[in-house]
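Visitor: I would like to learn how to read the helices and the interior of a protein model. Could you take me through one, feature by feature?

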Amino acid sequence: MRVGDGRALAVVNPDLACRKAHSPGSIFKLVTAFAALQEKLTREAEVFACGGQKKLGEVVLHCTVPNGHGRRTLIEAIAQSCNVTFYELGTRLGPRRMISYARAFGLDRKCPTYSGAQATGTLPLKPIHPCEVARLAVGQAAGFRITLLEAAEMVRRIATGGIDMQGSATNLAIIRRAMRLAVTSGTCKNAALPGIEVAGKTGTPEAEGHTSERSAWF
């Protein structure tokens with residue numbers, strides 16, 4: 001996808017990329033982090049403590065690392081994909097603001113620069129229970145689906161620095177630094193290339209029905 005105007009340059013599998021929607025998982029943490037920064041509910045230097053789980057009522061939600069990530073700044077939490085940090089940010093934001101920012105990043109709508117047939121993803125209607133709000137923050141709320149085309153558009157808007165959306169360029173730069181750190185020392189280290197500054201975000205959402213199957217995003 002061309003960053004400047006969002007034109008799709010190559011679509012290898014139109015059915016997979018444009019006509020099917022999938023659970024976004026941790027790639028949605030980029031939106032959650034930006035929303036929390038934008039709403040002044042966190043800052044780049046805030047340190048979060050992760051012990052491997054967060055209890056919400058009678059429900060215990062787990063992190064990606066069983067024993068926890070320990071103490072991490074926001075940027076480090078993005079790079080290491082710390083669920084516990086984002087459960088906390090989602091609780092601070094609430095569902096209405098997270099859904100609003102999802103739409104601002106191009107989710108739940110067709111990509112206007114792609115002329116081929118395409119589906120649209122779906123955003124959760126009313127994730128009211130604290131557990132579902134926390135799951136929304138890490139991209140795993142029930143019924144939350146996006147297409148690969150929507151994911152590309154979401155990241156394109158991060159890459160432009162806010163040219164085509166109402167958003168702080170400073171906060172988007174924080175997200176980009178975190179995506180770079182994810183490749184240099186985080187969950188995306190296998191994507192590093194010599195001589196090229198790669199930035200990215202991984203996601204491994206669990207399949208619905210609590211099966212052992214997982215999707216994989218980068």
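Guide: We will go through the core, some of the helices, two helix pairs and a few backbone angles, keeping in mind that this is a predicted model.

Visitor: Let us begin with the interior: which residues have the most contacts inside the largest nonpolar core?

Guide: The largest nonpolar core has 50 residues, and those with the most contacts inside it are Ile 78, Phe 105, Phe 144 and Ile 175. At least two residues of this core come from each of α2 (29–38), β2 (47–50), α3 (74–80), α4 (83–93), α5 (95–104), α6 (130–137), α7 (148–159) and α8 (169–185). The largest share, seven residues, is supplied by α2.

Visitor: How many residues of α2 are buried, and what covers them?

Guide: Nine of the 10 residues of α2 are buried, so this helix is largely enclosed by the rest of the structure. The buried residues are Lys 29, Leu 30, Val 31, Thr 32, Ala 33, Phe 34, Ala 35, Ala 36 and Leu 37, and what covers them includes α3, α4, α5, α6, α7 and α8.

Visitor: Where do the buried residues of a helix such as α5 lie around its axis?

Guide: The general idea is that an α-helix has 3.6 residues a turn, so residues three or four places apart point the same way. In α5, the buried residues are Met 98, Ile 99, Tyr 101 and Ala 102. Seen down the axis of α5, these buried residues fall within an arc of 165 degrees, so they line one face of the helix. The buried residues of α5 pack against α2, α4 and α6.

Visitor: Is α4 largely enclosed or largely open, and which of its residues are buried?

Guide: Eight of the 11 residues of α4 are buried, so α4 is largely enclosed by the rest of the structure. The buried residues are Asn 83, Val 84, Thr 85, Phe 86, Tyr 87, Leu 89, Gly 90 and Leu 93.

Visitor: At what angle do α4 and α5 pack?

Guide: Two packed helices are described by the angle between their axes and the distance between the axes. For α4 and α5 the angle is about 100 degrees, with the axes 6 Å apart. That angle makes α4 roughly perpendicular to α5. In this pair, Gly 90, Arg 92 and Leu 93 of α4 meet Pro 95, Arg 97 and Met 98 of α5, and by class the contact has three nonpolar, one polar and two charged residues.

Visitor: And which residues meet where α7 and α8 are in contact?

Guide: The axes of α7 and α8 come within 9 Å and cross at roughly 115 degrees, and the two helices are therefore roughly perpendicular to each other. From α7, Val 155, Arg 157, Ile 158 and Ala 159 meet Leu 172, Ile 175, Arg 176 and Met 179 from α8. By class, this contact has six nonpolar, no polar and two charged residues.

Visitor: Helix α7 also holds Glu 153; is Glu 153 buried or exposed?

Guide: Glu 153 is buried, because its relative accessible area is 5%, and the cut-off for buried is under 20%. Leaving aside its neighbours within four places in sequence, Glu 153 is in contact with Met 1, Gly 6, Phe 105, Gly 106 and Cys 111. Glu 153 and Met 1 are 152 residues apart in sequence, yet 8.0 Å apart in space from C-alpha to C-alpha. Phe 105, with its own neighbours within four places left aside, is in contact with Val 31, Phe 34, Glu 153, Met 154, Arg 157, Ile 158, Met 165 and Leu 172.

Visitor: Finally, where should I look for positive phi values, in glycines and in other residues?

Guide: Most residues other than glycine have a negative phi, and most peptide bonds are trans. Among the glycines, Gly 94 follows α4 with a positive phi near 80 degrees, and Gly 106 follows α5 with a positive phi near 95 degrees. Lys 40, although not a glycine, has a positive phi of about 60 degrees; Lys 40 lies in the loop between α2 and β2 and is exposed, with a relative accessible area of 72%. Asp 108 also has a positive phi, near 70 degrees, and is found in the loop between α5 and α6, where it counts as partly exposed at 28% relative accessibility.

How values were computed:
Residues are numbered from 1 along each chain as its sequence is written. This is a predicted model: local features need pLDDT of at least 70, side-chain atom pairs count only at pLDDT 80 or more; totals for chains, interfaces and linings use all residues. Side-chain values use heavy atoms; hydrogens and water are left out. A nonpolar core is a set of buried Ala, Val, Leu, Ile, Met, Phe, Trp, Tyr and Cys residues joined through side-chain atoms within 4.5 Å. Buried means under 20% relative accessible area, exposed over 50%, partly exposed in between (1.4 Å probe, protein chains only). Helices (H or I, at least four residues) and strands (E, at least two) are DSSP runs, numbered from the N terminus. Contact means heavy atoms within 4.5 Å. The arc is that of the directions from the helix axis to the C-beta atoms. Axes are lines fitted to C-alpha atoms, for helices over the stretch in contact, and angles run from 0 to 180 degrees between N-to-C directions. Angles under 35 degrees count as roughly parallel, over 145 as roughly antiparallel, 65 to 115 as roughly perpendicular and the rest as oblique. Ala, Val, Leu, Ile, Met, Phe, Trp, Tyr, Cys and Pro count as nonpolar, Asp, Glu, Lys and Arg as charged, and the others, Gly among them, as polar.
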